[in-house]
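The following exercises concern the structure shown below. Each task is followed by a solution in steps.

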Amino acid sequence: MNKKSILIVDDNRLDADLIQLAIDECGMNVKSTFIEDSPDVMHYLHAIEPGSGTLPSLILLDLKMPKMDGMELLTLLKSDETSSRIPVVILSSSEQPCDIECTIKSSANAYIVKPFDYSELCNVLKQTLQFWLNVNTGSFELEQI
């Protein structure tokens, strides 16, 4: 079985490194790619050879980013043929009801408030990855697209 991949989109390199460390520690066999600048995400996804099987199986997306915020990127991701079927989980420090409601209305697959406690972050990420990469029977193999 091929190692599944995830894309982490976060403008804060320290947050992304912490997320990566937590993913590594939770024992999930995943390949992570980090992109810190939202406009680069669509370029990255479109550069992947169609049918190559290398599209990410999941995108973890921060909301509050400078050049293009996560809401704008989410809209692009869900309206683009290449990325529309990739599950997008918002991983943000914002607990604002408006942020949560708006992202869910814009087809985010889930919204998770980033825990401040590292062990809780590990737990949340492990559960999230297990669900989206292993448990969710509504998933499909992007490699076949």
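**Exercise 1.** Determine which residues asparagine 29 is in contact with, leaving aside its neighbours within four places in sequence.

*Solution.* Step 1: with contact taken as heavy atoms within 4.5 Å, asparagine 29 is in contact with Lys3 and Lys4 once those neighbours are set aside. Step 2: the C-alpha atoms of asparagine 29 and lysine 3 are separated by 6.3 Å, although the two residues are 26 apart along the chain. Step 3: asparagine 29 lies in the loop between H1 and E2; helices (H or I, at least four residues) and strands (E, at least two) are DSSP runs numbered from the N terminus. Step 4: asparagine 29 counts as exposed because its relative accessibility is 54%, where exposed means over 50% relative accessible area, buried under 20%, and partly exposed in between (1.4 Å probe, protein chains only).

The model is predicted: local features need pLDDT of at least 70 and side-chain atom pairs count only at pLDDT 80 or more, while totals for chains, interfaces and linings use all residues. Residues are numbered from 1 along each chain as its sequence is written, and side-chain values use heavy atoms, with hydrogens and water left out.

**Exercise 2.** Establish the order of the strands in the open sheet and identify its edge strands.

*Solution.* Step 1: the chain holds five helices and five strands, and its elements run β-α-β-α-β-α-β-α-β-α from the N terminus on. Step 2: the five strands of the open sheet are ordered E2-E1-E3-E4-E5, with parallel pairing; two strands pair if DSSP finds at least two bridges between them. Step 3: E2 and E5 are the edge strands, each pairing on one side only. Step 4: E3 and E4 run parallel and are joined by three bridges; leucine 61 has isoleucine 90 in E4 as its bridge partner.

**Exercise 3.** Describe helix H5 and what covers its buried residues.

*Solution.* Step 1: H5 (residues 118-135) has 18 residues and reaches 24 Å from its first C-alpha to its last. This is close to the 26 Å expected at 1.5 Å a residue, the expected span being 1.5 Å times one less than the number of residues. Step 2: buried residues of H5 include Leu121, Cys122, Leu125, Leu129 and Trp132. Step 3: among the elements covering the buried residues of H5 are strand E1 (4-9), helix H1 (13-25) and strand E3 (58-61).

**Exercise 4.** Which residues touch the most other members of the largest nonpolar core?

*Solution.* Step 1: a nonpolar core is a set of buried Ala, Val, Leu, Ile, Met, Phe, Trp, Tyr and Cys residues joined through side-chain atoms within 4.5 Å. Step 2: of the 22 residues in the largest core, Ile6, Ile23, Leu58, Leu60, Leu125 and Leu129 touch the most other members. Step 3: H5 supplies the largest share of this core, seven residues. Step 4: leaving aside neighbours within four places in sequence, the contacts of isoleucine 6 include Ile23, Leu58, Leu60 and Leu129.

**Exercise 5.** Why does cysteine 26 form no bond with cysteine 122?

*Solution.* Step 1: a disulfide is a pair of cysteine sulfur atoms within 2.5 Å. Step 2: the sulfur of cysteine 26 is 7.2 Å from that of cysteine 122, the closest cysteine sulfur, and is therefore too far for a bond. Step 3: cysteine 26 is buried, with a relative accessible area of 11%. Step 4: a search of the whole structure finds zero disulfides.
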